[in-house]
Each structure stands twice: as C-alpha cells, then as structure tokens.
Amino acid sequence: MAILTIENVSKQYENAENKAVDKCSLSIEEGTFISVEGMSGTGKSTLLMMAAGLLEPTEGKILYGGKDIYSMNDADLSKWRACTVGYLYQNVQFVQALTVRENMVLSRMLGNNPYVNIELLIKMLDLEKEADKLPSHLSGGQKRRAMLGCVMAREPKLILADEPTNDLDAFWAEKIMSYLKAYTEKGNAVVLVTHDKRWTSLATERYEINEGHVKPLL
Ligand code: ADP
Ligand code: MG
C-alpha cells in the first residue's frame, strides 16, 4: 500500500529561470527504501521538502490516503507532519533550550507512540554522554545522530532523509544507514536523497534526478 503518492509535482521558485522539480511522480509504498540520486542543485531537497509538507508545489499533488496534503489547513498539516513524516534535514534543527534527551521526549509527545523507549534510542545512537547536553554543545556528527533519535522517537511511517550521512564518519554513516534500512523492514518507508553512491545498494527502488527530472534507474 502507498504511504504517500507524489503526482505530477513541479516547483517553480520565484525569480528562478527553470523549475527546481519538473513533473515528478513517485509512489512511496510501505516497506520500501527509495533512493533518489543526483548532483548538487538538481532539486533533491526541494522534492523532499514538498513531500514533507513543508513546501507547497506550484503544480501537482502530494496524496496521503487519497487526499492532497496541501488542501489541509496549517494546523492539520502540522499535525499530519508530526505523526506521519520524519524529515532528516540537511541543516540539523533542535529546540536549542532543551537537552538532547528533552528534545527526544518532546518529539515522542508529538508522534504516534507514547511508549517509545527513549533510553534505548539514546543507547543505540551512542549518545549516553551527550543526552543531558544542549544541542549547541554537540559535534556535527553527534547532532546528526541526535536528530535521527528525535525522528525515530515519533515513529513516523515515512522518513525523508536529505543526505543524512553528511558530517558522519564511515562507522556511523554505515550504522545510520543500516538503522534506516531496518526501519523499512518493519513496514515503514524511507526516501533517501543523496549524491553519494555508497548507500544505493540498500535501496529497493532507485531513481535519478537531473535538472528537476526524476526517472527510474534500471
Ligand atoms: P539539491 O538539494 O539537489 O542540491 P535544491 O532542491 O536545493 O537542490 O535546489 C534546486 C534548485 O533550486 C537550485 O538551482 C537552487 O538554486 C534552487 N533553489 C533552491 N531553493 C530555492 C529558493 N528558496 N528560492 C529560489 N531558488 C531555490
Ligand atoms: Mg540539497
């Protein structure tokens, strides 16, 4: 079953010459790991932001349960986002006044399952020493891991990962990718956008994006 259907979606930024994403269609099914590979500036982040409910397309629809997510009002769309998608940003964001553990607890409150074991997530991501620190006191790689913890604390059906291994050493990059893969094996879906070919062997479906055009890779 499709979790999210991207239907003929385009994005034309104001003052830009060309569309950042041009007529993209993609069905994101339960249990799939989708990779979208492309060089920098080809529209990867724009596509993910539209799928995440954060950027309205200029054309086309993003369907969830048959309904265009952008037909919802702001409050409903925010609620949908919190329960349905985990967006791993290129620029990591936290509530800066809260510790790493508190950020994860807050995330869990916004999500689907009040019983998610935060201490287990902290352990799995090797953040025991960082859990009581403020996000601003973490290294780039620790922030990335903490952000994944926040996303997983919500148990979203869909994780949208925008170059999630940036700032990570090889050990953690591999580990994070294996967590994402295992997450899809529980019936969730992951869309990974990346310029890094190392991870695409994990994908169950591969696409290429070039100047906003998405096409399947055979
Ligand atoms: P990628 O993630 O693949 O590097 P982006 O989706 O960030 O690509 O960008 C695709 C194109 O859209 C680029 O040409 C970029 O300069 C342009 N772009 C991105 N964000 C904006 C914006 N907010 N306003 C105008 N142009 C933008
Ligand atoms: Mg990008």
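In the predicted model, Tyr87 stands opposite Leu160 of strand S7. This pair belongs to the contact between S6 and S7 (residues 158-162), two strands that run parallel to each other and are joined over 4 bridges. Helix H1 packs on the sheet that contains them, where it touches strand S3 (33-37), S6, S7, strand S8 (189-194), S9 and S10. The direction of H1 makes about 155° with that of S7. A second helix, H2 (residues 74-84), also packs on this sheet; H2 touches S6 and S7, and its direction makes about 80° with that of S6.

The sheet is open and comprises 6 strands in the order S6-S7-S8-S3-S9-S10, and its pairing is mixed. Its edges are formed by strand S6 (85-88) and by S10, each of which pairs on one side only. On average, neighbouring strands of this sheet are turned by 20° against each other, direction ignored. In general, the strands of a sheet pair through backbone hydrogen bonds, in either a parallel or an antiparallel arrangement.

At the S10 end of the strand order, strand S9 (residues 205-210) and strand S10 (residues 213-216) pair in the antiparallel sense, with 4 bridges between them. Asn210 has His213 of S10 as its bridge partner. The hairpin of S9 and S10 has 2 residues between the strands, and Glu211 adopts a positive phi near 45° there.

The model also contains an open sheet of 4 strands, arranged in the order S2-S1-S4-S5 with antiparallel pairing. Strand S2 (21-29) and strand S5 (67-68) are the edge strands of this sheet, each pairing on one side only. S1 and S4 are paired in the antiparallel sense over 4 bridges, and Ile6 stands opposite Ile62 of S4. Strand S4 (residues 59-64) is further paired with S5, again in the antiparallel sense, over 2 bridges. Within this pairing, Leu63 has Asp68 of S5 as its bridge partner. The hairpin of S4 and S5 has 2 residues between the strands, with Gly65 at a positive phi near 55°.

Helix H1 is associated with both sheets. Besides packing on the sheet of S6 and S7, H1 (residues 44-51) lies across strand S1 (2-11), S2 and S4, and runs at about 125° to S1.

The surroundings of ligand 1 include residues of H1. Ligand 1 is surrounded by Tyr13, Ala20, Met39, Ser40, Gly41, Thr42, Gly43, Lys44, Ser45 and Thr46; among them, Lys44, Ser45 and Thr46 fall within the 44-51 range of H1. By residue class, the shell consists of 3 nonpolar, 6 polar and 1 charged residues. Polar atoms of the protein approach the ligand at several positions. A nitrogen atom of ligand 1 lies 3.5 Å from a polar side-chain atom of Tyr13. A polar backbone atom of Gly43 is 3.2 Å from an oxygen atom of the ligand. For Lys44, a polar side-chain atom is found 2.9 Å from an oxygen atom of ligand 1. The accessible area of ligand 1 on its own is 560 Å², of which the protein covers 56%.

Conventions:
Residues numbered from 1 in each chain as written. Chains lettered and ligands numbered in written order. Predicted model: local features only at pLDDT ≥ 70, side-chain atom pairs only at ≥ 80, totals over all residues. Heavy atoms only, no water. Near = heavy atom within 4 Å. Polar contact = N/O pair within 3.5 Å; in protein donor to acceptor, adjacent residues only side chain to side chain. Areas by Shrake-Rupley, 256 points an atom, 1.4 Å probe, with all protein chains shown as cover. Nonpolar A, V, L, I, M, F, W, Y, C, P; charged D, E, K, R; others polar. Pairing = 2+ DSSP bridges. Contact = heavy atoms within 4.5 Å. Axes fitted to C-alpha atoms, helices over the stretch in contact; angles between N-to-C directions.
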